[in-house]
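Open the model in your viewer and keep the selection tool ready. We will start with the whole chain and then move to a single residue.

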Amino acid sequence: MRAAMAEAVVGDDVYGEDPTVNALEERVAALLGHEAGLFVPSGSLGNQLGLRLHAAPGQEIVCDQLAHIARAELGAAAAFSGITFRTWPAERGLLDVDAVAGLIAPDAGPYLVSTTAIAVENTHNFGGGTVQPAAAVAAVARLARDHGLGLHLDGARLWNAHVATGTPLAELAAPFDTVSVCLSKGLGAPVGSVLVASAERIAAARVWRKRYGAGMRQAGILAAAGHHALDHHVERLADDHARAARLGAALGVDAATVETNIVVLRVPDAAAVAQTAAAAGVLVSALGPRLLRLVTHLDVDDAGVERAVEVLAPLAAGS
């Protein structure tokens, strides 16, 4: 990947002159079945640009209460775009069309906040790498169309959903007006995400990218890593899924909750377990007072899984 970056042909991306970036945008848009793409530095920015296309200041987007856009992007939608959220409770991040239907308020008039879009996350990060069922996505898409609402997909790990289910990427992305996918995470690129949508929407997003200070010059160096990731690291996500399953089983986690590359471990004191594990060379994330997130990726091999079990099993049992 670093060799590909060093050899990248570059130009000025702010002027649309970087051939490696242009090719990556076209490639990801084609994979996802959309007209155009926009290369951005992070998944959060891809999401924020997508949301900005769906809502004006003072309007709302609805999502589940564990959604990354609501929980882990530092209130960016409010800070940058004046957008508010309302959320529905979602077990493991799974979609519930009845809950969504009970929450939306399209054209709410002069006294209430109007809903303009629904946001979905697939796979669901804080839900534990959950893959959204196709029937639930289709039902929410019909609900959105019936009420004239937009649909945004936070598909940071959509590649994992594709590999776990065998569903084509374009089919997973088809119901949505805007889709953001990450090239880092399991694909291993150091930087970068791509937002895809219609050509008209992407033209508008390009303006907002520059306005938010994220215009990039010779970004082909970064885009080359994305190309390498797509060439070599998509199908190997199955290895991450298998290792996550082994990790979860060894730690006593319900196998049905480990669908892709994320294991959620419940302990009495997540911060204490994370701190002790880190001192032993195993890094895990504390998602809350009692929840740990364990993520497998291309830099975690079989020996790494064995080491994680060795360190975490006694901590989880004794905490």
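Accessible areas come from the Shrake-Rupley method with a 1.4 Å probe; for residues, only the protein chains shown count as cover. Show the surface: the protein chain has about 13500 Å² of it accessible, and carbon and sulfur atoms supply 54%.

This is a predicted model: local features need pLDDT of at least 70, side-chain atom pairs count only at pLDDT 80 or more, and totals for chains, interfaces and linings use all residues. Residues are numbered from 1 along each chain as its sequence is written, and side-chain values use heavy atoms, leaving out hydrogens and water.

Switch to cartoon. The protein chain has 14 helices and ten strands; these are DSSP runs (helices H or I, at least four residues; strands E, at least two), numbered from the N terminus.

Now zoom out. The C-alpha trace spans about 55 × 55 × 35 Å along its principal axes. Of the 319 residues, 52% are buried (under 20% relative accessible area; over 50% is exposed, in between is partly exposed; 1.4 Å probe, protein chains only).

Next, select Gly192. Look for this residue in the loop between β6 (178–182) and β7 (193–197). Is Gly192 buried or exposed? Gly192 is buried, with a relative accessible area of 2%.

Display the contacts of Gly192 (heavy atoms within 4.5 Å). Leaving aside residues up to four places away in sequence, Gly192 touches Phe39, Val40, Pro41, Cys182, Leu183 and Ser184.

Last stop: add Asp107. Its C-alpha atom is separated from that of Gly192 by 35 Å, and the two are 85 residues apart along the chain.
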